[in-house]
Structures are given as structure tokens and as C-alpha cells.
Amino acid sequence: MPSNPISGADVVVVGAGNAAACAALAARETGASVVMLEAAPIEDCGGNSRYTGGLMRVVFNGVDDLAQIITDLTEEEKRTHDFGTYTAEQYYDDMGRITQYRTDPDLCELLITRSFETLVWMRKKGVKFQASYGRQSHKIGGKFKFWGGLAAETWGGGAGLVDNEHKACAREGITIHYETPAVGLLLDDAGAVIGVKAKHQGRSIELRAKAVVLACGGFESSAEMRARYLGPNWDLAKVRGTRYNTGLGIKMALEAGAMPYGHWSGCHAVGWDRNAPPFGDVAVGDGFQKHSYPWGIMVNARGERFVDEGADFRNYTYAKYGAVILSQPGMFAWQIFDAKIIPALRDEYRIKQVTKVRADTLEDLVKKLDGVDADACLREIKEYNKAVRTDVPYNSAIKDGRCTVGLKVNKSNWANTIDQAPFEAYAVTCGVTFSFGGVKISNNAEVEDTAGRSIPGLFAAGELVGGLFYHNYPGGTGLTNGSVFGKIAGEQAALYAKGGERR
């Protein structure tokens, strides 16, 4: 029988995205030997992390805190820009409000209280951060003002994050085996995890380990699991990121007795270009998203507005509005803007791969909206324009209260009339980011069984952990979640592997 082409280790980490890399680096730092198993080829490695914009929601009490995270934040930037604060109390409020107060209190507390120290640790490992000028700040009176609790993002977006984490892994002697998906767990007679089953170059292999960390994403890339757990038509949604998050890690854990936990019928889903490919495109990244909708309006195939585009900052609505778009006739919508707003549209509206129409009159614009009742749409826009409180000043940096009055679906903030040529519209559908349901973990990131006991030797982090997000999601929390619990899982797995006392 041929020898195993891959050697085991103290800790095997399944996955190679942000959560997995943080787990691997933390385990190595704690003294364990580590290998990582990545289902994707090297050019598409890193899971969903590679496709993100890189924003990370972190507690900071002022610019001096941010300077411990953000690479090369200059004294001039500190002095001339208003970064504000994002306190632990604000973080708790956002997590509670956005998840309808269902978020697991213990996990939520760890996410928030460990966020700052984890990002500082990541910076020391070689991850670079920068101020999020492009998407989370507005220039007011010559000064950038940050909003929505998001001031830091990874340099180079998700791709930069993954590349820097993988460089750190290489420096610290952690091998990543590509095109090597884990397909099962090895258990001893007592039910403890002692390794993984995997596929490598077409061969079935077994890797022995003293502990295993599952950090290989949710089930959003599986059309079958989306239809089964999210419901009808979710199998038709596009996938924003990797094609490799097919729920294998979750299935492996459940087969070992793990408790299903969290919002299994919920997911993070956004407005995504109508003609985007079925899965994410590494070259485009998150450019297919269309997140300037709070400043305009959205209409469906009936030509009707169907959602309060200005209910809150996009950070707090974008992850749930994808599901709303999916529920519309034909599963699409058009975002409409006029000349007052077009110059302020986010960068993703200016990529080449965009479904866009432009016209000099509203009458011509509505005729170009593929699949839309043009006459009804024109009436809708005119009624909306009449309902706008133009006496309230427009201010995109705050919830300005500039609303509509008397409509079936009113707009709460940033209600701009659509009346100044030229006009542009962008077609969107639903893009799924990640599933909310997963397995239950303890405060030590140990996977728990259905009786509430830890499964010996099994740890988990990232998107396959359930319990943090329900119904919706505060922007920038996903990467922070992966980092915080990846670090905890790696440390605790290494301590378990060494036979030491876990914290």
C-alpha cells in the first residue's frame, strides 16, 4: 500500500481562509505543529475571505486605538480626520438590534471584547490594515468623517488579507495542502476526534492529529442545502464568493454528534449584479455588489418600490436586502439614481462588468429597464418625487430624516428626488454570502454535542459556527468573527494537543 503523501500534525486545520489562518497561526504560536487542508486550488484559495472587501468591525475608543491597528496612520490623518469611536456598548447595541436580540450572549461577548486585541495580534503577524476612506467616510468641510462603526479594513481587501496570512503561515512553518478537501473525521472508540479523512490528488487519505479545527465555511455554495434550509428559490440565487463552501465541515461535525445551532433558515445575502456569474470571480472580488441604494430607489418588475432603502446605514441593511430582492417577481430589481447622486456612487458602480442603463429623461429610462412595467415605474417615480420632504436637508453622513410622506412604502432617510438628468439604473439580484446556521461551540471554541458536552479534540471557527447572526448582520463582523474565534480555536486546540490545561 503506498505511503500517505501528507503527514499529520498536532493540529490539523480544515480550511485556509481568515478563520483557518488565524487558528493555524495561534496554534503554532502556542507550540503545536500545524497543517492546513484547503479544498480549492492555490489560485482560488482562502474561502470567502478572498472575496471580501476587507472591512472589520472592531471596538476602538479613539484614533490612538486605531493607530495600534492601522498600518502607517499618519499624525496628519489623526489630526485632520474624524474617525470617531466605536465602543463596546455600541457594538453590543448593534449586535442585539440587528439580530433581533437572538445573538448568543456568550459568543457575542467574546466577539466584542476580544476584537481589538485580536486585530492588534493580526497586525503583529503581518496583516496590514488601512483606514476605510473609500466606503465608510464622507468628506465634509474638507475633513473625512467616518460613520457606521467601520474605520479599518485590510490592505488589499480580502485578497490582501489572505495573502498576508498565508505568508505568515509559511514563515512559521505551517504547510497548506491545496486541492485537499477534508471529507470526514477520524474518531476513536470513545468518540474523541483523532484526525481527518481527506482527498488528495484523487486519493483517499487519513491524517492523524491530536486536535482538529474546522474552519471551512458554511453551506451557501451548495444549491441543494440552500433549498433545503433557506427555502424555495434559494437554489437559484447567485453565490458571492467561493464555490467550495458546500457545508462539508458542518456535515462532518454533525456526523460526529455536533449540535446544530443558530439560524439555519437564515443567511447573509445582498444586492448583486443581475448578470454576475453563478459564483464569485476572484478578479472582480466584491465588485458585483451594489450598495449605494440608500441614496436612490429600488423598483421591482411591477415598477414598484418594495423596501425602505433608507431605513438605516447600508452597514445594517445590506445583508438582509438580498433576501428581499430574491422574493420579488423574477428575483431582480433595478436601483435608480439621478445626476445629483451619480458622482457619489460607490466604486463598484464603475466596474466594467456591470448591468447598467442610462438616459436623459425618465420616460426613456423606464423603457430601458429590462423586465419592468415601464408605465407603472414612471408613475411610481413621479409619486415618490412628490412625497419627498425637500424641506429637510440631505446629509449622507448621518441618518438625516429626509423622508417621504404618504407612500405605501415610505423612505426614512436620504430621500432624494429623481428628477435631474442624466439618470442611471443598475440591475441587481440576490447574492448569497454565507449561511447563518452551523454547529454550537463553547467559549473555548470546542464543538459541543447534542447533550451540551464538548466533543474531545474538535474545535471550530468562522462561518460554520452558528449562534452569532440571526435575520441580519452588522457589516464588517464576519471577518472579525473569523479572526476572534479562529485565534481562540487555535490556541485551545494546541493546548488540548499538548495535554495542557485549557482556559
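These are numbered notes on the fold, the core and some local backbone features of a predicted model.

1. Core. The largest nonpolar core holds 123 residues. Those with the most contacts inside it are V11, M36, V212, L214 and F485. Helix α1 gives the most to this core, with 9 residues. Another core, of 24 residues, lies apart from it. Among the residues of that second core are A359, V366, C377 and I418.

2. Contacts of L214. Leaving aside residues up to four places away in sequence, L214 touches V14, L185, G249, M252 and A253. The list also includes L458, F459, A460, A461 and L464. One of these contacts, L185, has V196 of β10 as its bridge partner.

3. Helix α8, length. This helix covers residues 157-171, which is 15 residues. At 1.5 Å a residue it should span 21 Å, and its end C-alpha atoms are 21 Å apart, so the two values agree. Just after α8, G173 takes a positive phi of about 80°.

4. Helix α8, packing. Its buried residues are G157, G158, G160, L161, V162, N164, E165, H166, A168 and C169. Note that N164, E165 and H166 are in this buried set. What do the buried residues of α8 pack against? The helices are α1 (18-29), α6 (115-125) and α14 (477-497). The strands are β2 (34-37), β7 (152-154) and β8 (175-177).

5. Cysteines. The disulfide count is 0. C22 is in no disulfide, and the nearest cysteine sulfur, that of C169, is 8.8 Å away. Why is C169 not bonded to C22? The limit for a disulfide is a sulfur pair within 2.5 Å, and the sulfur of C169 is 8.8 Å from that of C22, too far for a bond. C22 is buried, at 1% relative accessibility. C169 is buried as well, at 0%.

6. Helix α5. D104 caps the N-terminal end of this helix. A side-chain oxygen of D104 lies 3.0 Å from the backbone nitrogen of D106. The buried residues of α5 are L107, C108, L110, L111 and I112. They pack against α4, α6 and α14. Helices α6 and α14 also receive the buried residues of α8.

7. The three-stranded sheet. Strands β3, β7 and β4 form an open sheet in that order, with antiparallel pairing. β3 (55-56) and β4 (129-131) stand at the edges. Each has a single partner strand, so one side of each is left without a neighbour in the sheet. β3 and β7 pair over 2 bridges. M56 stands opposite A152 in β7. Strand β7 is also among the elements that the buried residues of α8 pack against.

8. Strands β9 and β10. β9 (residues 182-187) runs antiparallel to β10, with 5 bridges joining them. L187 stands opposite V193 in β10, and L185 has V196 as its bridge partner there. The hairpin has 5 residues between the strands. Within this hairpin, G191 takes a positive phi near 90°.

9. Strands β10 and β11. These two are antiparallel and joined by 6 bridges. A198 stands opposite I205 in β11. How many residues lie between the strands in the hairpin of β10 and β11? There are 2. Q201 of this hairpin has a positive phi near 50°.

10. Unusual backbone. Most residues other than glycine have a negative phi, and most peptide bonds are trans. Three places deserve a look against that background. Q201 is not a glycine, yet has a positive phi of about 50°. Q201 lies in the loop between β10 (193-200) and β11 (203-214). Is Q201 buried or exposed? Q201 is exposed, with a relative accessible area of 69%. Y101 is not a glycine either, and its phi is positive, about 60°. Y101 sits in the loop between α4 (88-98) and α5 (105-113). At 65% relative accessibility, Y101 counts as exposed. The remaining place is the peptide bond from A421 to P422, which is cis, with omega near 0°. P422 is in the loop between α13 (374-387) and β18 (423-435).

Conventions
Residues numbered from 1 in each chain as written. Predicted model: local features only at pLDDT ≥ 70, side-chain atom pairs only at ≥ 80, totals over all residues. Heavy atoms only, no water. Buried < 20%, exposed > 50% of the residue type's maximum accessible area, 1.4 Å probe, protein only. Helix = DSSP H or I, 4+ residues; strand = E, 2+ residues; numbered from the N terminus. Expected span 1.5 Å × (residues − 1). Contact = heavy atoms within 4.5 Å. Pairing = 2+ DSSP bridges. Polar contact = N/O pair within 3.5 Å; in protein donor to acceptor, adjacent residues only side chain to side chain. Core = buried A, V, L, I, M, F, W, Y, C linked by side-chain atoms within 4.5 Å.
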